[in-house]
Amino acid sequence: MSVDLQSLEKIPRHVALIMDGNGRWAQERGLSRIEGHKEGAQSVRAVLRAAAQAGVEFITVYAFSTENWKRPPAEVEGLMKLLVHSLNEYEQELHENKIRLRVMGQFERLPLPVRMRLQKTIDATADYTDHTLVIALSYGSRTELADATKAIAEKVKSGEMKVKEINEETIANHLYLPDVPDPELMIRTSGELRLSNFLLWQLSYSEFYITDTYWPDFREEQFFHALEAFNGRDRRYGGVKKV
Ligand code: IPE
Ligand code: IPE
Ligand code: MG
């Protein structure tokens with residue numbers, strides 16, 4: 001059944017997605033894992049289109065975790081190449097839809113040609129304010145929190161900040177993208193019930209939507225279903241239900 005977007009009372013400003021299941025999607029079809037990742041790249045395009053249609057401002061996609069460096073070198077290389085290829089193919093669409101590209105993670109750990117290609121699109125789309133696509137690359141939430149802690153400690157050491165001044169806002173302000181609001185909705189595909197080191201701080205009060213659908217099969221309609229589920233959630237933030 002298709003979702004009537006007009007009937008949704010609340011649309012999240014920011015949706016974060018753990019794009020999982022590319023490998024299993026490929027395996028079920030007797031294809032290589034990288035074929036699964038290629039088809040998965042098409043789902044990113046579909047979700048961006050759907051998000052723009054629904055009025056979602058920020059999309060964050062978990063594309064490569066700090067733990068994913070453990071994968072076989074050929075797969076890691078294939079994923080990096082696919083990223084460059086996808087940027088070449090779809091940069092035009094980012095411009096057409098005024099989508100700003102941002103990257104979150106250990107940028108310096110990425111191969112130089114990948115960094116250069118990303119930087120080109122980051123710079124070319126920097127002035128767009130309608131929509132933002134954040135790609136989490138070589139991203140790990142624990143590393144992000146450790147980096148934030150180091151930056152805060154340096155400020156205390158230099159006298160710029162006092163220990164007693166440290167609060168929740170201080171930590172939020174030292175994360176990779178402090179100006180991006182916390183996601184209201186987190187979607188994980190392929191049925192796994194875990195965070196895999198994704199946005200531990202930022203997802204503290206987010207709604208979770210887990211679907212068994214593999215990422216390459218997650219397209220516009222599936223995204224709209226997630227929005228519909230979100231619309232039906234009662235967010236209480238530790239309070240009591242309003243009557
Ligand atoms: C998600 O799909 C993509 C990345 C983590 C890069 P997977 O590659 O994890 O697919 P499965 O979980 O093995 O099916
Ligand atoms: C999480 O998926 C990371 C990304 C989607 C980039 P994984 O497939 O790496 O996570 P685990 O291994 O199932 O926890
Ligand atoms: Mg996986």
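Colleague: Where in the chain is Glu93 found?
Modeller: Glu93 is found in helix H3, which takes in residues 73-96, and I should add at once that this is a predicted model.

Colleague: Why does Glu93 count as buried?
Modeller: The relative accessibility of Glu93 is 18%, and the word buried is kept for values under 20%, so Glu93 counts as buried.

Colleague: What makes the meeting of the side chains of Glu93 and Arg45 a salt bridge?
Modeller: The distance from N to O is 2.3 Å, and the rule asks for a side-chain nitrogen of Lys or Arg within 4 Å of a carboxyl oxygen of Asp or Glu, so the pair of Glu93 and Arg45 qualifies. This pair links distant parts of the chain, with Glu93 in helix H3 and Arg45 in helix H2 (residues 33-54), 48 residues apart. If residues up to four places away in sequence are not counted, Glu93 touches Arg45 and Arg49.

Colleague: Why is Arg45 called partly exposed?
Modeller: Arg45 has a relative accessible area of 22%, and since partly exposed covers what lies between the buried limit of 20% and the exposed limit of 50%, that is the term for Arg45.

Colleague: How many salt bridges does the count come to by this rule?
Modeller: The count comes to 20 salt bridges. One of them joins the side chains of Glu91 and Arg117, at 3.0 Å from N to O. Here Glu91 in helix H3 is linked with Arg117 in helix H4 (residues 112-124), 26 residues further along the chain. Both Glu91 and Arg117 are buried. Elsewhere, salt bridges that share partners join Asp20, Arg24, Arg188, Glu192 and Arg194 into one network.

Colleague: How do you know that the pair of Glu192 and Arg24 links distant parts of the chain?
Modeller: Glu192 forms a salt bridge with Arg24, with the closest N and O atoms 3.0 Å apart. Along the chain, however, Glu192 in the loop between S5 and S6 and Arg24 in helix H1 (residues 22-28) are 168 residues apart.

Colleague: Why does His174 count as buried?
Modeller: With a relative accessibility of 17% against a limit of under 20%, His174 counts as buried. His174 is found in the loop between helix H6 (168-173) and strand S5 (185-188).

Colleague: What makes the pair of side chains of His174 and Lys155 a polar contact?
Modeller: The two side chains come to 2.8 Å, and polar contacts are pairs of N or O atoms within 3.5 Å, one able to donate a hydrogen and the other to accept it, so the pair of His174 and Lys155 is given that name.

Colleague: Why is Pro183 called buried?
Modeller: Pro183 has a relative accessible area of 3%, which is under 20%, and Pro183 is therefore buried. The place of Pro183 is in the loop between H6 and S5. The C-alpha atoms of Pro183 and Ser206 are separated by 6.2 Å, although their positions lie 23 residues apart in the count along the chain.

Colleague: Why does Phe208 count as partly exposed?
Modeller: The relative accessibility of Phe208 is 36%, which falls between the limits of 20% and 50%, so partly exposed is the right term for Phe208. Phe208 lies in strand S6 and, with Leu193 and Ile210, forms a nonpolar patch on the surface.

Terms used:
Residues are numbered from 1 along each chain as its sequence is written. Chains are lettered from A and ligands numbered from 1 in the order in which they are written. This is a predicted model: local features need pLDDT of at least 70, side-chain atom pairs count only at pLDDT 80 or more; totals for chains, interfaces and linings use all residues. Side-chain values use heavy atoms; hydrogens and water are left out. Patches are made of residues with over 30% relative accessible area and no salt bridge: like charges are joined within 9 Å, nonpolar side chains (Val, Leu, Ile, Met, Phe, Trp, Tyr) within 5 Å. Accessible areas come from the Shrake-Rupley method with a 1.4 Å probe; for residues, only the protein chains shown count as cover. Helices (H or I, at least four residues) and strands (E, at least two) are DSSP runs, numbered from the N terminus. Buried means under 20% relative accessible area, exposed over 50%, partly exposed in between (1.4 Å probe, protein chains only). Contact means heavy atoms within 4.5 Å.
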